There are 2 protein chains.
Amino acid sequence: MIKLRDLEYLTAIDKHKHFGKAAQSCFVSQPTLSGQLMKLEEQLGLQLVERHRRNVMLTPAGEQLVKEARKVLQAAGQFESCAKALLDPFAGDLHLGLIPTLAPYLLPHIMADLNTALPNINFFLHENQTKVLLQQLDEGKLDVLILPYLEEMDKFESYQLFDEPLMLATQKNHRLANKKDLSLSDLHDEKILTLADGHCLKDQAMGYCFSAGAKEDNSFQATSLETLRHMVASGMGITLLPALAAQGNLASDTIHYGQFQAPVPVRGISLVIRPNYSRMQCVRAIVASVRKSLNGIIT
Amino acid sequence: MIKLRDLEYLTAIDKHKHFGKAAQSCFVSQPTLSGQLMKLEEQLGLQLVERHRRNVMLTPAGEQLVKEARKVLQAAGQFESCAKALLDPFAGDLHLGLIPTLAPYLLPHIMADLNTALPNINFFLHENQTKVLLQQLDEGKLDVLILPYLEEMDKFESYQLFDEPLMLATQKNHRLANKKDLSLSDLHDEKILTLADGHCLKDQAMGYCFSAGAKEDNSFQATSLETLRHMVASGMGITLLPALAAQGNLASDTIHYGQFQAPVPVRGISLVIRPNYSRMQCVRAIVASVRKSLNGIIT
DNA sequence: ACTTAATCATAGCTAAGGCCTATCCTTTAA
DNA sequence: TTAAAGGATAGGCCTTAGCTATGATTAAGT
C-alpha cells in the first residue's frame, strides 16, 4: 500500500527539484526523503526521478505520477478539513423522535429554545409510536427520542425531563367537572374514551383508570388526541389528557380539564438515546434546554 | 498525517458493520483494526463509530468521513494503476532530437523498424542544431538525441550508432567526378560550398577539407543540404555531403557523388542521452533497432 | 437463572520501518 | 588542488502496526 507521506515527498521533489530543499519543506532530513523516495521507486518498479548534481528532474513516469499524487493529497486534505468541520459537537443534523401524543403539544414549548441553544444543529422531527421509535433509534435512524419512559427502555440510556400530569377531560357540565379534590378514585365505574392500540398513552392512562375501577369504552378508539378531545367536547364521554395537550385549550368553553389531587397520575417524559451515543455534549445541552423551557409550564 | 490504511479500516467497518468481518476483509486481526480505528478517532478528535454488541454503526461524522475516505482511496487506487500502466518500459512518449543534416535522410531508414520494435512508444521528432539539442536534452525536454558525436558531449552518455561517410558532390562533368581513387588531398585548393554557421556538418566537413588544403567559399552559405545540393547541381561549386543525404539521389543526372578512398572522411553518428536516464531498456532497443536498420545501407 | 456464544476492548510483545546523525562519493567551482 | 555542494550510504533509535491471548459485556438458549 502506497503511503501519503511518500506522495508528499514526490510532490516536494517536483516543486523544488532539489533533495535538500524538498526535505526541508517536508521537515525531514535529506537522507530520509532520499531513502523514502528510492523505496517508493522500488515499490512501484519505476524510476521517478533523474538524479544529477546540478539538476534533479522527474522522469516522464514521475511527471505523470506527480499529477496523480497531487490528486490523492488533495482528497486527503479534504478528508481532514471535513473532519475539522465536524469537530464542532454542536453542529450537524439531529433526528428527534417523539410520540404523537406529545409532539404537537411539547414542540411549541421547546423548539425556540433548542434552536437558540444549538443554533448549528438541524433538528429533524419524527412522529411515531413508541415501538417504532425505539426500533429506529436502535437502527440509528433516529438520534434522540422524547417520550414517556417505560421499563423496556432500560437497555437504552435515558434522562428524565419532566413529569406530565394527566388531567381529566370532561364536558363543562359533567358531574366531575367542578368536583373539588378530584382524585383517581372518582373515576370508579366511569367509562373512559381511549386512543387506539399502540399509543402508549392508552396503556398508561388506562393503567391508572383500571386500577381506580374505571372501564374502557370499547365502542371505539380515537386515533389522535384531537379526535379524543372532540369526542369529549361533543359529550361522548370523558378521558384523561396529558397536561401539555390540555394546556393549549384551557380556555375551551365546552371542555373542562380537571386536575387530580395527589397522588397525581403522571407520565414521566424522558429523553432516550443509545448508550455510547457519540454526541453526548449535544444531548446534555438538549436535556438542559428542554428542562429550562418547561420550567414554569409544567409545575 | 492521516494514513490510507486507516481509511481502509473505516470503509471496511462501514461495509461490514462488524469489527471481526471488517478486519478479515482487510486481512488483519480484529484487535488491530479495532485499535487503529480508535487511534484514528482520537487523532481526529471525533467519534466515528458507535459500538454495540449487536449493532455497529457509524456516527453522522463517520458517515460523512467515509465518503471522503472513499474518495481518497479511489485517488490512491488511480495512482497505483497509473503506475502499473507506466511500468511497461516500452511504452509512453519519447522525444527524439536530430540535427537537420541527418533527420530527413536517416528517419526514412529507421522509423519503420523503430515503430515495429517499439510499437507502444510514441516518437516525437525534434529537429534542431546540436547546441540547442544538447540544451534541451539537459533540460529534459528531449529524451534521446541522434547526432554526430562531439567531445563536448562527454558529460552525457552516448552510444555509437554508425559512421556516416562524407561524399564529394560535384557536377557530373567536374574534373573530380570521374577520378579514380578519390582522396581528400584531391580537394587541395578547391573551393567548398558550406552550410551556414551553427550546423555541425560545416565544422566537421570543413575540418577535413581545411586539413586537406581546401578553402571555404565565403561568398554565401546554404541553410540546408537541399539548397547546397541544388547549388552543386547548378554548377556553383562542390561540397561534401553525408552519405545518407547523397544516397537518395544517387541516380541524379546532374550530380555525381564521389566516394573517398581510405582514410574515408566520416562523421560518427551517436545516440546521446542523459546519464541516469530512466528508460535504458528503451534506449538499448532503439540503439539495436537503428543499427540493424542501417546494416547494409551504411557499409 | 445459568451457561454459552458472540463481539469488541485491553494487554503485552515483536518486528518493521521511518527518521535521525554522521559520513562517503562525485561533481563543480575557485 | 582544494573546497563546496548535493545526493547516497551506514548504522542506530524509536515509534507503531501488527500479532496472540485474554478480558468484559451482552444476547440467546437451555
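**Protein–DNA contacts and chain symmetry**

In this predicted model, a polar backbone atom of A:Ser29 sits 2.6 Å from a phosphate oxygen of DNA strand C. That pair is a polar contact, meaning N or O atoms within 3.5 Å; within protein, one must be able to donate a hydrogen and the other to accept it, and residues adjacent in sequence count only if both atoms are side-chain atoms. Residue numbers start from 1 along each chain as its sequence is written, and chains are lettered from A, with ligands numbered from 1, in the order in which they are written. Local features need pLDDT of at least 70, side-chain atom pairs need pLDDT 80 or more, totals for chains, interfaces and linings use all residues, and side-chain values use heavy atoms, without hydrogens and water.

**Polar contacts to DNA strand C**
- B:Arg51 places a polar side-chain atom 2.3 Å from a phosphate oxygen of the strand.
- B:His18 has a side-chain N or O atom 3.3 Å from a sugar or linking oxygen of the strand.

**Surface around DNA strand C**
- 22 residues surround the strand (a heavy atom within 4 Å).
- The closest are A:Lys3, A:Ser29, A:Thr32, B:Ser34 and B:Arg51.
- Sugar and phosphate make up 74% of the strand atoms within 4 Å of the protein.

**Symmetry of chains A and B**
- Chain B superposes on chain A by a rotation of 180 degrees with 0.1 Å of shift along the axis, RMSD 0.2 Å (least squares on C-alpha atoms of residues with pLDDT of at least 70 in both).
- This is the relation of a two-fold axis.
- B:Val72 has the C-alpha nearest the axis in chain B, at 2.8 Å.
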